[in-house]
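Visitor: Please give me a close look at a single part of this model, namely the way its interior is packed. A connected account would serve me best.

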Amino acid sequence: MVAAFMVLIMTKRMTPVLALIIVPTIFGLFAGAGLGIGDMALDAIGGLAPTAALLMFAIIYFGLMIDVGLFDPLVRLILRLVGNDPVKVVVGTALLASVISLDGDGSTTFIVVTSALLPIYLRLGLSPVVLTCVAGLANGTMNILPWGGPTARAAAALELSPSDVFTPMIPSMLAGLAVIFLFAWHLGRLERKRLGSLALPGEEGEVPDARAGSSRGGLFRRPASPRGGSSRGGRGGTATQVERISTGALQALVNPADTAMADTMLDPNRPTLRPKLFWFNLVLTVAVMVLLVADVLPLAYVFMAGSAVAILVNFPRVSQQAERIVAHAPSIVGVVSMVLAAGVLIGVLEGTGMVDAMAAWVASSIPASLGAYSAVIIGLLSIPMTFFLSNDAFYFGILPVLAESASAFGIDPVDMARASITGQVVHMQSPLVPAILLLVSLAGVNLGDHHKKVLWRAVVVALVMLAVGVGIGAIGIG
């Protein structure tokens, strides 16, 4: 079922929303769900409703803050730090995503990273798929923090302390981040090679790339003429960077109009700017972030209330309020529909007993001769299984079963727990994770394109983390 889903979205035969609904429905009926398949789906959708509300109003809130110019100073600061070098921009993406991921919430990380960096990517003509790839890798690696979720689940399932599970794995996490920065550096070099020397609007000698489909798309620096004059004009003049880039590469650039969150720094004179309310919006945003971290109120309600206050203060007229909400409707519909559609897949997986059957099958499939390597095996299994299943299904349904069988071979439960979290970087790319759906929706990236670029890199990072864990003794072998 999962393989069919992945093939359909990666070959672009079906949109993710339709695939999330149709594929599990067909397989669920073959699995004997019958008329009960509707209740299975609705039960799972009910559990996802708060997440859908959270993402909907988070998009509205941060989209509004972009509209009013709250993040413009941050983007200008980043621009000064990274300049117009694709390598610095992509490596900066990895750094920013890693730092923001310290809060343990993927949705917040992706909203902040996309808000700050997507306009820069679009302005320079860099591929937004690179942004989603690097941000997804960084956040997935940092997701093993004790307050991130999977480590707490593994500890709870095996009755362990989260700190006992996480602390010895810090070297593994740092090794994973090092690999991610190498990937970011390499992707940046590939983008530099694809686009050549880049220039921002206002820099001397720039050439707008009219063929990219938008006057706000990639801008390329025209090399100076050897004689000091313009290279544009005579037949014998130096070819521009635009002319050196293939038509296919230019057509691959994303039109900034394709995403609702692409206006920061692209239009410094946009009518939605509210410079006089900058400090109010900053204080409001800090208050929202503090409430999110403090976890004293439901996250969805925090964003609902924050959005209501922000819209009311920045846009007091009713017509303006409606206009701002409608302006972000494309992003809202895209991410919320995918989250709710994912409920069908989750409902069928759990309601038909597929999860329980997989747990029993995996436990019975491990030969006794490999029992001493149970921790390594659970680490390897965590890579595909946490992608196919929810964290709850894996850590509460499969991990305890395998940990019990591993104890007969002298494998400590804490070793099983540590190994089981190494696959989180792959898990975070799963269509069952609402945060990744938010990321690709905000960046205007197709989920299949994201998977093509990110999955094999995520597997490499997971294997490195597992290898380092075994090498330093954090993950024991019986």
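Guide: A residue is called buried under 20% relative accessible area, exposed over 50% and partly exposed in between, with a 1.4 Å probe and protein chains only. By that criterion, 53% of the 478 residues in the chain are buried. This is a predicted model, in which local features need pLDDT of at least 70 and side-chain atom pairs count only at pLDDT 80 or more, while totals for chains, interfaces and linings use all residues. Residues are numbered from 1 along each chain as its sequence is written, and side-chain values use heavy atoms, with hydrogens and water left out.

The chain contains 23 helices and 2 strands, which are DSSP runs numbered from the N terminus (helices H or I, at least four residues; strands E, at least two). Of the contacts (heavy atoms within 4.5 Å) with a separation of 6 or more, 77% join residues 24 or more positions apart.

The largest nonpolar core has 134 residues; such a core is a set of buried Ala, Val, Leu, Ile, Met, Phe, Trp, Tyr and Cys residues joined through side-chain atoms within 4.5 Å. Helix H3 (residues 37-68) gives the most to this core, with 16 residues. The residues with the most contacts inside the core are Tyr61, Met65, Tyr121, Leu137, Phe303, Val335 and Met416. Leu137, for its part, touches Ile180, Phe183, Val425, Gln429, Val454, Arg457 and Ala458, leaving aside residues up to four places away in sequence.

Two of the other residues in that list, Tyr61 and Met65, belong to the H3 side of the contact with helix H14, and Phe303 to the H14 side. The axes of H3 and H14 (residues 299-314) come within 8 Å and cross at roughly 30 degrees, the axes being lines fitted to C-alpha atoms, for helices over the stretch in contact, with angles from 0 to 180 degrees between N-to-C directions. H3 and H14 are therefore roughly parallel to each other (under 35 degrees; over 145 is roughly antiparallel, 65 to 115 roughly perpendicular and the rest oblique). Their crossing is left-handed, meaning that the near helix is turned anticlockwise from the far one by less than a right angle, clockwise being right-handed. Among the residues that meet are Pro50, Leu54, Phe57 and Val68 in H3, and Leu299, Met304, Ile311 and Asn314 in H14. This contact has 17 nonpolar, 3 polar and no charged residues, where Ala, Val, Leu, Ile, Met, Phe, Trp, Tyr, Cys and Pro count as nonpolar, Asp, Glu, Lys and Arg as charged, and the others, Gly among them, as polar.

Met416 leads to another pair: helix H18 (residues 374-388) and helix H20 (residues 413-420), whose axes come within 8 Å and cross at roughly 25 degrees. H18 and H20 are therefore roughly parallel, and their crossing is right-handed. Ser374, Ala375, Ile378, Gly379 and Ser382 in H18 meet Asp415, Met416, Ala419 and Ser420 in H20. These residues divide into 4 nonpolar, 4 polar and 1 charged. Ala375, in H18, is buried, with a relative accessible area of 0%. Outside residues up to four places away, Ala375 touches Ile411, Asp415, Met416, Ala419, Ile475 and Gly476. The C-alpha atoms of Ala375 and Leu466 are separated by 9.7 Å, although the two residues are 91 apart along the chain.

Leu466 falls within helix H23 (residues 447-471), which packs against helix H1 (residues 2-10) at an angle of about 105 degrees, with the axes 7 Å apart. That makes H1 roughly perpendicular to H23. Met6, Ile9 and Met10 in H1 meet Leu447, Gly448, His451, Lys452 and Leu455 in H23, a contact of 5 nonpolar, 2 polar and 1 charged residues.
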